[in-house]
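I opened a new notebook page for this chain. I wanted to see how its parts fit together, and I wrote down each thing I looked up.

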Amino acid sequence: MNLLFSSVTDNLSYKTFLGLVNSTSNINKVLVIYKGKFEFKFERDVEIIMLKYDDLILGDYKGFEKEYTFVEEENKFVNTFNLDMLYMMNRIHRFYSFSFSDRYNALKNHVKGSIGLFNTFKPDVCLFINMPHEVYDYGLYKIAEFRSVKKRFLMHGMQLETYYQILENLVGNDQKLKN
């Protein structure tokens with residue numbers, strides 16, 4: 001099974017990621033997005049692709065964008081959320097100084113990178129820490145939605161590490177945390 005994990009950014013998400021991969025024997029390939037200095041060692045042989053958050057947030061998909069292929073129905077679907085992604089770029093302070101054409105090119109990189117990543121890596125399941133709310137993970141979430149790839153969302157209590165929910169969708173869920 002191929003697991004796309006977005007994202008390891010703190011010790012809790014790091015422990016969650018390692019624990020999940022080590023305890024799930026049919027995960028044999030992972031793509032992890034991370035920010036910070038983490039060492040990813042597993043208890044068995046697992047192929048790993050690591051992408052830096054700081055690269056992805058600016059639209060640098062490390063060559064995955066070259067694997068983009070135009071599929072008309074997918075392109076029509078992508079067009080329904082392009083403005084959302086463009087608006088999400090407002091949260092990235094470096095984009096404030098970008099010209100519109102530079103922002104538009106970054107948006108194209110996000111779309112091509114997300115699709116190219118799915119074409120190449122072929123995830124069976126995507127696990128998002130929190131709701132996708134950055135331009136890169138929102139694009140990945142929407143491509144997973146279009147391609148009917150399983151998605152899960154890990155919501156946890158920030159101060160209470162042992163309390164969490166794993167959600168299958170983002171609406172209509174039980175609001176109680178599990179222990």
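The entries below go from the whole chain to single residues.

**Entry 1: confidence.** I noted at the start that this is a predicted model. I looked up the mean pLDDT of the protein chain, and it is 88. I also noted that 86% of the residues reach 70 or more. I then looked for a weak stretch and found residues 175-179, where the pLDDT is below 50. In the model this stretch has twelve contacts beyond near neighbours in sequence. Where pLDDT is low, the predicted coordinates should not be read in detail. I left those contacts alone.

**Entry 2: the chain as a whole.** I found six helices and six strands in the protein chain. Read from the N terminus, their order is β-α-β-β-α-α-α-α-β-α-β-β. The chain has 179 residues, and 46% of them count as buried. I looked up the exposed area of the chain, which is about 10,000 Å², with carbon and sulfur atoms supplying 51% of it. For contacts with a separation of 6 or more, I noted that 58% join residues 24 or more positions apart.

**Entry 3: the cores.** Which residues touch the most other members of the largest nonpolar core? I found Leu4, Leu31, Ile33, Leu117, Phe118, Tyr136 and Leu140, in a core of 37 residues. Among the elements that give two or more residues to this core are strand 2 (29-34), helix 5 (100-121) and helix 6 (135-146). I also noted a second, separate core of 18 residues, which includes Phe5, Tyr14, Val30 and Val32. In soluble globular proteins, nonpolar side chains tend to be buried together.

I picked Ile33 for a closer look. Leaving out neighbours within four places in sequence, I listed its contacts as Phe5, Ser6, Ser7, Val8, Leu51, Tyr53, Leu56, Tyr136 and Leu140.

**Entry 4: strand 1 and strand 2.** I looked up Leu3, which sits in strand 1 (residues 2-8). Leu3 is buried, with a relative accessible area of 2%. How far apart are Leu3 and Val125 in sequence and in space? They are 122 residues apart in sequence, yet their C-alpha atoms are 5.3 Å apart. Val125 is also one of the residues in contact with Leu3, and Phe17, Val21, Lys29 and Leu127 are others.

Lys29 belongs to strand 2. Is Lys29 buried or exposed? I found a relative accessible area of 18%, and the cut-off for buried is under 20%, so Lys29 counts as buried. Beyond residues up to four places away in sequence, Lys29 touches Met1, Asn2, Leu3, Val46, Glu47, Ile49 and Phe121.

**Entry 5: two helices.** I checked the length of helix 1 (residues 11-23). Its 13 residues should span 18 Å at 1.5 Å a residue, and the end C-alpha atoms are 18 Å apart, which agrees. The buried residues of helix 1 are Leu12, Ser13, Tyr14, Phe17, Leu18 and Val21.

I did the same check for helix 6, where twelve residues should span 16 Å. The end C-alpha atoms of helix 6 are 17 Å apart, which agrees. Ten of the twelve residues are buried, so helix 6 is largely enclosed by the rest of the structure. Among those buried residues I noted Asp137 and Lys142. After helix 6 comes Ser148, with a positive phi near 60 degrees.

**Entry 6: salt bridges.** Side chains of opposite charge can pair when their charged atoms come close. How many salt bridges does the structure hold? I found nine.

Arg147 forms one with Glu74, and their closest N and O atoms are 2.8 Å apart. Arg147 lies in the loop between helix 6 and strand 5 and Glu74 lies in helix 3, so the pair ties together parts 73 residues apart in sequence. Arg147 is partly exposed at 29% relative accessibility, whereas Glu74 is buried at 2%.

Glu39 and Lys41 meet in another salt bridge, at 3.0 Å from N to O. Glu39 is partly exposed at 48%, and Lys41 is exposed at 60%.

I also looked up Lys62 and Asp60, whose side chains meet at 2.9 Å, N to O. Asp60 is partly exposed, with 31% relative accessibility. Asp55, Asp60 and Lys62 are linked in a network of salt bridges.

Terms used. Residues numbered from 1 in each chain as written. Predicted model: local features only at pLDDT ≥ 70, side-chain atom pairs only at ≥ 80, totals over all residues. Heavy atoms only, no water. Core = buried A, V, L, I, M, F, W, Y, C linked by side-chain atoms within 4.5 Å. Buried < 20%, exposed > 50% of the residue type's maximum accessible area, 1.4 Å probe, protein only. Helix = DSSP H or I, 4+ residues; strand = E, 2+ residues; numbered from the N terminus. Contact = heavy atoms within 4.5 Å. Expected span 1.5 Å × (residues − 1). pLDDT = per-residue confidence, 0-100. Areas by Shrake-Rupley, 256 points an atom, 1.4 Å probe, with all protein chains shown as cover. Salt bridge = Lys/Arg side-chain N within 4 Å of Asp/Glu carboxyl O.
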